[in-house]
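Morning, everyone. I'll take one structure today and keep it short. Please have a look at it first.

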Amino acid sequence: LLLCLNLATIGWILNRAKQFRAHRQHPEMLLVERLDFTPDQQTRYRQLRGEFEQRSQPHLDSLRLIRNALLGQLDRPVPDAELNGLITRMEWQNGQLIRLRFRHWQQVRALCTPRQQDRFDRMATRFLNQSSIRPT
């Protein structure tokens, strides 16, 4: 009996790890599964996600370039004015990304039925609570 319980526990753990890896590779599937999207909702969600990724890519590219420019100057003295300029540009790009993410999640929430919206809100609250206690 103990052997069977141990095997069942190991099987359960391996199955959970497999699901976790699948969601890490395709995080959008977690949302689709948890909210139980219909096929039409899944199609629309994929469209919204593609549009979001397309709109946010220039900002991500710009942030990468600014970060590389900043790190490329580690070996020399950088005046505060120049450093502040780079930081300001990064802050602006981050602000644009935050705005795009917010609008994207509003669109996703609008895609949901009232029952799904309740679940979506609980997921969002849980996510915010987890991200607020993460060390920086």
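**Fold, surface and one ring pair**

Read from start to finish, the protein chain runs α-α-α-α-α. That is 5 helices and 0 strands. Both are DSSP runs, numbered from the N terminus: helices are H or I with at least four residues, strands are E with at least two.

A word on where this comes from. This is a predicted model: local features need pLDDT of at least 70, side-chain atom pairs count only at pLDDT 80 or more, and totals for chains, interfaces and linings use all residues. Residues are numbered from 1 along each chain as its sequence is written, and side-chain values use heavy atoms, with hydrogens and water left out.

Now burial. The protein chain has 136 residues, and 21% of them count as buried. Buried is under 20% relative accessible area, exposed is over 50%, and partly exposed is in between, with a 1.4 Å probe and protein chains only.

Next, the surface. About 10,500 Å² of the protein chain is exposed, with 59% of that supplied by carbon and sulfur atoms. Accessible areas use the Shrake-Rupley method with a 1.4 Å probe.

On to the rings. The whole structure holds 2 aromatic pairs. One of them joins Trp 105 and Phe 120, 6.1 Å centre to centre, planes at 45°, so it is tilted (centres within 6.5 Å make a pair; under 30 degrees is stacked, over 60 edge-to-face, the rest tilted; Trp counts by its six-membered ring).

What does the pair tie together? Trp 105 sits in helix 4 (residues 80-111) and Phe 120 in helix 5 (residues 114-132), so parts 15 residues apart in sequence are tied. Phe 120 is buried at 9% relative accessible area. Trp 105 is partly exposed at 36%.
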